[in-house]
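Biologist: I'm new to this one, so could you walk me through it and tell me how each label is earned?

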Amino acid sequence: MARRRALSIVMRRIASAAVLAAAMCVSAHAEEPAHFPVPATTIYPGDLIKDEMIIDRSFAPNLPGAAAFVGERPAVVGHIARRTLLPGQLIPINALEEQKIVARGSVVKVIVEDGALSIVTYGSSLQSGSPGAMIQLRNLDTGVTIRGVVQPDGSVRIQNG
């Protein structure tokens, strides 16, 4: 009986020491500041964001709403600002957009594919678009409005005619 009590006391002390150690690890980890990319200068809508325009800044580790802001520099550099970004302020995810490689009103190469058949023609873009975006175009030969996907080379691909 005395052995059981002694064993019980030792087990309780080990458990409380483990809980204390875990709490210390969590509090030490939670106190590390969070680092986010922020503008070094004012960035205006339509500006292409370059690496020298961004700096890293430390914020409180328990920053509310941190998931709504860009967390890494590569997610910012090379994108276009959709709104004014102020120096030292966090950059919201929805304040950036991909660079448009097809501009509205420009003449673009249109590739129509249907199986083994491939036709190349030209169309006037009715919308701006970045790679992977579905945009509308007007066929220059027929005047018909068509929809296609912007390709990385700036052409627009239409599948299954």
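Biologist: What makes arginine 73 and aspartate 56 a salt bridge?

Modeller: A salt bridge asks for a side-chain nitrogen of Lys or Arg within 4 Å of a carboxyl oxygen of Asp or Glu. Arginine 73 and aspartate 56 come to 3.8 Å, N to O, so the pair fits the 4 Å rule. Arginine 73 sits in the loop between β2 and β3 and aspartate 56 in strand β2, 17 residues apart. Bear in mind that this is a predicted model, where local features need pLDDT of at least 70 and side-chain atom pairs pLDDT 80 or more, while totals for chains, interfaces and linings use all residues. Residues are numbered from 1 along each chain as its sequence is written, and side-chain values use heavy atoms, with hydrogens and water left out.

Biologist: Which residues are linked in a network of salt bridges?

Modeller: Asp51, Asp56 and Arg73. Aspartate 51 also bridges to arginine 73, with the closest N and O atoms 2.8 Å apart. Aspartate 51 lies in the loop between β1 and β2 and arginine 73 in the one between β2 and β3, so parts 22 residues apart in sequence are tied together. The count for the model is four salt bridges.

Biologist: Why is aspartate 51 called partly exposed?

Modeller: Buried means under 20% relative accessible area, exposed over 50%, and partly exposed in between, with a 1.4 Å probe and protein chains only. Aspartate 51 has 40% relative accessibility, so partly exposed is the label. Arginine 73, at 25%, is partly exposed too.

Biologist: And why does alanine 67 count as exposed?

Modeller: Its relative accessible area is 70%, which is over the 50% cut-off. Alanine 67 lies in the loop between β2 and β3.

Biologist: How do you know that phenylalanine 36 and phenylalanine 59 form an edge-to-face pair?

Modeller: Rings of Phe, Tyr and Trp (its six-membered ring) pair if their centres lie within 6.5 Å; planes under 30 degrees apart are stacked, over 60 edge-to-face, and the rest tilted. By that rule there is one aromatic pair. Phenylalanine 36 and phenylalanine 59 are 5.8 Å apart centre to centre with 75 degrees between the planes, so edge-to-face it is. The pair links strand β1 to strand β2, 23 residues apart.

Biologist: What makes phenylalanine 36 buried?

Modeller: It has 8% relative accessibility, under the 20% limit, so it counts as buried. Phenylalanine 59, at 14%, is buried as well.

Biologist: How many strands does the protein have, and how do you know what to call a strand?

Modeller: There are nine strands and one helix. They are DSSP runs numbered from the N terminus: helices are H or I with at least four residues, strands E with at least two.

Biologist: What makes β7 and β8 a pair?

Modeller: Two strands pair if DSSP finds at least two bridges between them. Five bridges join β7 to β8, which run antiparallel, so the rule is met. Isoleucine 135, for instance, has glycine 148 in β8 as its bridge partner. β7 and β8 form a hairpin with five residues between them, and glycine 143 in the turn has a positive phi of about 80 degrees.

Biologist: Which side chains of β7 are buried?

Modeller: Ile135, Leu137 and Asn139 point to one face and are buried, while Met134, Gln136 and Arg138 point to the other and are not. In a regular strand the side chains alternate between the two faces of the sheet.
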